[in-house]
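Hi,

Here's the structure I said I'd pass along. Have a look, and then I'll run through what turned up in it.

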Amino acid sequence: MISVHPINNQTELTEFIKFPFKLYKNCPYWVPPITKEEKAFMNPLKNPVFKNAEASFFVAKKQGKIVGRIAAIVNWVEVNQQQKRKVRFGWYDVEDDIQISKKLLEAVISFGKQKKLDFIEGPVGFSNMDKAGLLCEGFDKLNSMNTWYHYPYQKDHLETLGFSTASEWLEFAITIPIYANSPEKVKRISKIVLKRYSLKVLQFKSTKELIPFVDKMFDLLNNTYNQLESFVPIQEEQINYYKEKYFQFIDPQYIKCITRSDGKLIAFAVILPLFSKALKKANGSMFPFGFFHILKSLHFHDTVSTYLIGILPEYRQKGLNAILFDELHKTLDRKGIYKIETNPTLKENKAMLSLWKKYPHQLTKRRRTYRKEI
């Protein structure tokens, strides 16, 4: 018999976080998170997202053993300000038994009904800065630190239970040549657009140079995606949280910004080393050797992943993607790096998909969120 239980204390939360280590133990493609970071992320005293959100975490048990987990989430900015009466679900990991999925999702639906919400959607996190999307294609590839891994049957469970596709993302493996041999079309567009709009590309050599632009980058991120149905504005407390968590450790050379002649930031892009193999070796812990693997990957890597891209709406479809990627290509060429794995790109984002296709590329993963009226 399968029973579902809410998490009530730190010991149970640890079990919730540790369950995937058991589920994916023999899977060579699952990349574990750092458990200490996961625990802090789910702590209302440490993660400022809880100022505008709430969550309940559930585990499913069979014969006393955990066989599945799920999180039920409400982002009140989304509900109250955007009038999207959605209960989110995330951290969805289950053994291959549809009844486990059914009971866990029923717990989320019950949570949503208590809050007088209208539909359920996921897997997603608390906000758009978090992981999103169920892996539906590319089960034989390592996931990145910004994505979840899932087994193929989880998609079947959701579809059998009446969930339909809400959004779809694509991920690519890109091979770039030495810069001298990069696509002439990208170089040409970059030069023309820079001149036409009197734009300037900012290059950063130190974190100190970068920090004054981080708040502007998040403001731009909100402006970039605020027209997407799935987007929820990033709140100031969250910006400070992500600034401290990530931007202190990003190589400033891996960030490119574009400004107008009046100094206004209109576009930016951020890439990161691909940490998947290092996190796999760390196996959820920074100590005793996890920190060494991640630090080594930070300084010695042959692959990067796209992380954030933001472009002011009035400059969309005007070639700024080409400028950003052209500048990043120059940096990667100097470092001898010629492999890129893209972050999930919305299927509707034709500009980015068109850019990736100008280089040798391979579609490696497909992700979807699923929804259902409740």
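The lining of the second largest cavity caught my eye: it splits into eleven nonpolar residues, two polar and no charged. Bear in mind that this is a predicted model. That cavity holds about 70 Å³ of space, and 13 residues line it, with Ala269, Ile309, Leu324, Phe325 and Leu328 closest to its centre. Helix α11 provides the largest share of this lining, four residues, while β10 (265-273), β11 (303-311) and α12 (350-356) are among the elements that each supply at least two.

α11 turns up again in a helix pair. Its axis and that of α6 (residues 184-196) come within 8 Å and cross at roughly 115 degrees, and the crossing is left-handed. On the α6 side the contact involves Val186, Lys187, Ile189, Ser190, Val193 and Leu194, and on the α11 side Leu320, Ala322, Ile323 and Asp326. By class that makes seven nonpolar, one polar and two charged.

Back to the cavities: the whole structure has six of 30 Å³ or more. The largest has a volume of about 110 Å³ and 15 lining residues, of which Pro20, Trp30, Pro33, Arg69 and Trp148 lie closest to its centre. Its lining does include charged residues, four of them, alongside nine nonpolar and two polar. α1 gives the most here, with three residues.

One for the open side, too. The second largest pocket has a volume of about 570 Å³ and is lined by 24 residues, with Leu274, Ser276, Lys277, Asp302 and Thr303 nearest its centre. Its lining has eight nonpolar, eight polar and eight charged residues, and α9 contributes the largest share, four.

Cheers

Methods:
Residues are numbered from 1 along each chain as its sequence is written. This is a predicted model: local features need pLDDT of at least 70, side-chain atom pairs count only at pLDDT 80 or more; totals for chains, interfaces and linings use all residues. Side-chain values use heavy atoms; hydrogens and water are left out. On a 1 Å grid over the protein atoms alone, a cavity is a set of points where a 1.4 Å probe fits but cannot get out, and a pocket is an open set with protein on both sides within 12 Å along at least five of seven lines; lining residues have an atom within 4 Å of a point. Grid points are joined across faces, edges and corners, and a volume is the space filled by probe spheres set on the points. Ala, Val, Leu, Ile, Met, Phe, Trp, Tyr, Cys and Pro count as nonpolar, Asp, Glu, Lys and Arg as charged, and the others, Gly among them, as polar. Axes are lines fitted to C-alpha atoms, for helices over the stretch in contact, and angles run from 0 to 180 degrees between N-to-C directions. A crossing is left-handed if the near helix is turned anticlockwise from the far one by less than a right angle, and right-handed if clockwise. Contact means heavy atoms within 4.5 Å.
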